[in-house]
Amino acid sequence: EDTGNLPPLKEMYEMVARTYKESPSEIAKECKAIEQRLRRALSAGLTNLASIGLTDYGNPKFEHYAPLYFDFEDVRLKMKEIEQGKETGKVKVNIKKFLQVLYLELQEGH
């Protein structure tokens, strides 16, 4: 059974970048861009879930997705940031965890 052991993120970014970039320098630049886009998208997702959690802690979507895709500490920290109305820059999304969970969920057909 597959436990969701994905290749290192750098390798995955390179595989994706190679599908539409040729030179090593373009590939390297694209890898950084891919990581940035992922980080921004996951940060937005975390912010949205944290907002849902603040409004309704018992919301089924919040209860299911927040602990599944994100580290609980990060979710709590993001909720605190939203409450206080300021970004601390301390909340880091765990891209690897997110992608592993997503991969497993897709394998299971959720």
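Angles between helix axes count as roughly parallel under 35 degrees, roughly antiparallel over 145, roughly perpendicular from 65 to 115, and oblique for the rest. Keep that rule at hand for the exercises below.

This is a predicted model, in which local features need pLDDT of at least 70 and side-chain atom pairs count only at pLDDT 80 or more, while totals for chains, interfaces and linings use all residues. Residues are numbered from 1 along each chain as its sequence is written, and side-chain values use heavy atoms, with hydrogens and water left out.

**Exercise 1. Get to know the chain**

Find how many helices and strands the chain has, and describe its extent.

Step 1. Helices (H or I, at least four residues) and strands (E, at least two) are DSSP runs, numbered from the N terminus. The chain has 5 helices and 0 strands, so its order from the N terminus reads α-α-α-α-α.

Step 2. The C-alpha trace spans about 50 × 40 × 20 Å along its principal axes.

Step 3. Buried means under 20% relative accessible area, exposed over 50%, and partly exposed in between, with a 1.4 Å probe and protein chains only. Of the 110 residues in the chain, 29% are buried.

Step 4. Contact means heavy atoms within 4.5 Å. Among contacts with a separation of 6 or more, 56% join residues 24 or more positions apart.

**Exercise 2. Explore the core**

Work out which residues touch the most other members of the largest nonpolar core, and which element gives the largest share.

Step 1. A nonpolar core is a set of buried Ala, Val, Leu, Ile, Met, Phe, Trp, Tyr and Cys residues joined through side-chain atoms within 4.5 Å.

Step 2. The largest such core has 24 residues, and Phe-70, Val-75, Ile-95 and Leu-99 touch the most other members. Two or more residues each come from α1 (9–18), α2 (24–55), α3 (60–69), α4 and α5 (95–108). The largest share, 7 residues, is given by α2.

Step 3. Look at Val-75 by itself: leaving aside neighbours within four places in sequence, Val-75 is in contact with Leu-46, Ala-50, Phe-62, Ala-66 and Phe-70.

**Exercise 3. Compare three helix pairs**

Decide how α3 and α5, α2 and α4, and α2 and α5 are oriented.

Step 1. Axes are lines fitted to C-alpha atoms, for helices over the stretch in contact, and angles run from 0 to 180 degrees between N-to-C directions.

Step 2. The axes of α3 and α5 come within 8 Å and cross at roughly 120 degrees. These two helices are therefore oblique to each other. His-64, Pro-67, Leu-68 and Tyr-69 of α3 make the contact with Lys-97, Phe-98, Val-101, Leu-102 and Glu-105 of α5.

Step 3. For α2 and α4, the axes come within 9 Å and cross at roughly 75 degrees, which makes α2 roughly perpendicular to α4. On the α2 side the contact includes Leu-46, Ala-50 and Leu-54, and on the α4 side Val-75, Met-79 and Ile-82 are among the residues.

Step 4. The axes of α2 and α5 lie 11 Å apart at an angle of about 80 degrees, and the pair is therefore roughly perpendicular. Here Glu-35, Leu-38, Arg-39 and Leu-42 in α2 meet Ile-95, Phe-98 and Leu-99 in α5.

Step 5. Now sort the residues by class: Ala, Val, Leu, Ile, Met, Phe, Trp, Tyr, Cys and Pro count as nonpolar, Asp, Glu, Lys and Arg as charged, and the others, Gly among them, as polar. The contact of α3 with α5 has 6 nonpolar, 1 polar and 2 charged residues. That of α2 with α4 has 6 nonpolar, 3 polar and 3 charged, and that of α2 with α5 has 5 nonpolar, no polar and 2 charged.

**Exercise 4. Buried, partly exposed or exposed?**

Place Glu-81, Leu-54 and Pro-24 in their classes.

Step 1. Glu-81 sits in helix α4 (residues 72–84). With a relative accessible area of 4%, Glu-81 is buried. A polar contact (a pair of N or O atoms within 3.5 Å; within protein, one must be able to donate a hydrogen and the other to accept it, and residues adjacent in sequence count only if both atoms are side-chain atoms) of 2.5 Å joins the side chains of Glu-81 and Thr-88.

Step 2. Leu-54 belongs to helix α2 and is partly exposed at 31% relative accessibility. Beyond neighbours within four places in sequence, Leu-54 is in contact with Met-79, Ile-82 and Glu-83.

Step 3. Pro-24 is also found in helix α2, and a relative accessible area of 67% makes Pro-24 exposed. Its C-alpha atom is separated by 40 Å from that of Ile-82, 58 residues apart along the chain.
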